[in-house]
Amino acid sequence: MKKLSFICTVAVIAAIVSACSIAPNGGNKGIATYESVSVDEMQIPMPEETQEAPVGNTENYTRIVENPYADPLKTPFSTFSIDVDAASYANMRRFINNSQLPPADAIRTEELVNYFDYNYPQPTGDDPFSITTEVASCPWNPQHQLVHIGLQGKEIPTENLPASNLVFLIDVSGSMDEANKLPLVQQSLSMLTRELRAQDRVAIVVYAGAAGLVLPSTPGDRRADILAALEDLKAGGSTAGGAGIQLAYNVAKENMIVGGNNRVILASDGDFNVGVSSDGELERLIEKERESGVFLTVLSYGTGNYQDAKMQTLADKGNGNHAYIDNIMEANKVLVHEFGGTLFTIAKDVKLQVEFNPTAVKAYRLIGYENRLLAAEDFNNDQKDAGELGSGHTVTALYELIPAGSSEAIGSMDAPKYQNPAPASRSAGNSSELFQVKFRYKQPDGNESKLITRVQPNHALAFDSASEDMRWSAAVAEFSAILRGSEFAGESNYAHVIAVAQSAIGEDAEGYRQEFVSLVKRAQMLDNRKETAQR
């Protein structure tokens, strides 16, 4: 029965694609000649087990094991890919606003920290981003130090952005038939269309039991036609996500704009259950398609069966980014306020490698980025995929340090039997330097990376004297540690997070920082666990 259903699915997809007459090379595909394929026409009988609604809560999160302390004598390099995603923050907010504390594995610290804009300087040289570093005492463990590393992507005015070839890939399966799913998708993408220009193009692909093209590539200034296609969508049936992804990439490639922004925008709850649906199969499909130069933006929606792990994987493997849309205000933030950063890549495969000076540092740990860690040798390997940086995006990373000379134990290993390395010494080296940070990045259409290097002097500020940006990022990281029940939380508590955050709100034009303070207060009321001693 399953084999027969697969054959039927392939046949239906082929018929739909043929009927829609996708014109190649971005040619004019006037809507007057387009025949709409309704969702009902795409439905095909599927085995009963694929039509059953999920029972209970089937949300899925990948387990996060926090980064431990590392000795710079034994592990000299800390290497990771940047992460500009902020899906975890919006998902956390959804839980708290629904009077629930989020599960620990739903909290990715770097995504909470990177939800906010920071006041880093705009780049002035040839590189598409600026670099800021700062060191201060650690607010939740005053015997430690906190390192703050910030990247600021070059802000490109909307009118100067390259032409876009966008394909909206919309899940219209039965699981999307809820107010916070397909209707919110339609509202979100309708807002996005207001940002489009005549030189931009939009196509719409949908998938349920099969996949189909419901709007051929259309100039961005024909907004009424795009909105009409969006408004006509209805949800129902099973979820052939793999087939939809493949068709969307095919449409994007057939309308490729050389030197432009070619991108698939996937909107779904991630609950794929027909055809290519396993994480491994989807990863291989996305990895293959990204070689075409088409980027991927993943917009997640809904509750109850939200597949966070799957959607995160798709974005990571597709040279893209991931956002969770929990309300219309978040849609405005991601698709209007941060339009350039979400949809226009200015640097790809951005990696960081930090080397701490053992003369000054006994141990270090990277806060967050657990799913973005790379082997040390991956840093110089241009074949290794890494994260993308969008126009105007900021990226922030934090390290907690145990200074050299501390009596704090960090664990030990037996001496190796079959090796006899020269003894390492903390007294060697230049104690005036705390760390060196190296960056590699490629141009969006490039294959060779460029290296940038910065050195941080061995000087730490008192935390209260640190910059507003550093104090804000520390407050968010401390809140994350509390929500995760982190073993590294130290003296963290809600009252301290609120006090630090309120001191660092600064110019908060959109109100995102003030909203954070309100969320911390609400979480404090929800949390019945005993907090650490108040300061």
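Student: Which residue is the bridge partner of L151 in β13?

Tutor: In this predicted model, strand β3, which covers residues 141-153, is joined to β13 by 8 bridges, and the two strands run antiparallel. L151 lies within that β3 range, and its bridge partner in β13 is V395.

Student: Which residue of β13 does I367 stand opposite?

Tutor: Strand β11 (residues 361-367) is also joined to β13, here through 6 bridges, and this pair likewise runs antiparallel. Within β13, the residue that stands opposite I367 is L398.

Student: How many of the residues of strand β13 are buried?

Tutor: On one side of the strand T394, T396, L398, E400 and I402 are buried, and on the other side V395, A397, Y399, L401 and P403 are buried, which leaves both faces covered. The strand, residues 394-403, is therefore largely enclosed by the rest of the structure, the count of buried residues being 10 of the 10.

Student: Are α6 and α7 roughly parallel or roughly antiparallel to each other?

Tutor: The axes of helix α6 (residues 182-193) and helix α7 (residues 223-231) come within 10 Å and cross at roughly 175 degrees. Because angles over 145 degrees count as roughly antiparallel, the relation of α6 to α7 is roughly antiparallel.

Student: How do the residues of the contact of α6 with α7 divide into nonpolar, polar and charged?

Tutor: From α6 the contact draws on Q186, L189, S190 and T193, while α7 contributes R223, I226, L227, L230 and E231. By class, these residues divide into 4 nonpolar, 3 polar and 2 charged.

Student: Which helix supplies the largest share of the largest nonpolar core?

Tutor: This core has 41 residues, and those touching the most other members are Y89, M92, F116, L146, W472, F479 and F516. Several elements each supply at least two residues, among them α4 (87-97), α13 (468-484) and α15 (512-526). The largest share, 9 residues, comes from α13.

Student: Which residues is W472 in contact with, leaving aside its neighbours within four places in sequence?

Tutor: W472 is one of the residues of the largest nonpolar core that touch the most other members. With those sequence neighbours left aside, its contacts are F116, Y118, A501, A504, I505, R513 and F516.

Student: How many of the residues of helix α10 are buried?

Tutor: Helix α10 spans residues 308-317 and is mostly covered. Its buried residues are D308, A309, K310, M311, Q312, L314, A315 and D316, which gives a count of 8 of its 10 residues.

Notes
Residues are numbered from 1 along each chain as its sequence is written. This is a predicted model: local features need pLDDT of at least 70, side-chain atom pairs count only at pLDDT 80 or more; totals for chains, interfaces and linings use all residues. Side-chain values use heavy atoms; hydrogens and water are left out. Axes are lines fitted to C-alpha atoms, for helices over the stretch in contact, and angles run from 0 to 180 degrees between N-to-C directions. Helices (H or I, at least four residues) and strands (E, at least two) are DSSP runs, numbered from the N terminus. Angles under 35 degrees count as roughly parallel, over 145 as roughly antiparallel, 65 to 115 as roughly perpendicular and the rest as oblique. Contact means heavy atoms within 4.5 Å. Ala, Val, Leu, Ile, Met, Phe, Trp, Tyr, Cys and Pro count as nonpolar, Asp, Glu, Lys and Arg as charged, and the others, Gly among them, as polar. Buried means under 20% relative accessible area, exposed over 50%, partly exposed in between (1.4 Å probe, protein chains only). Two strands pair if DSSP finds at least two bridges between them. A nonpolar core is a set of buried Ala, Val, Leu, Ile, Met, Phe, Trp, Tyr and Cys residues joined through side-chain atoms within 4.5 Å.
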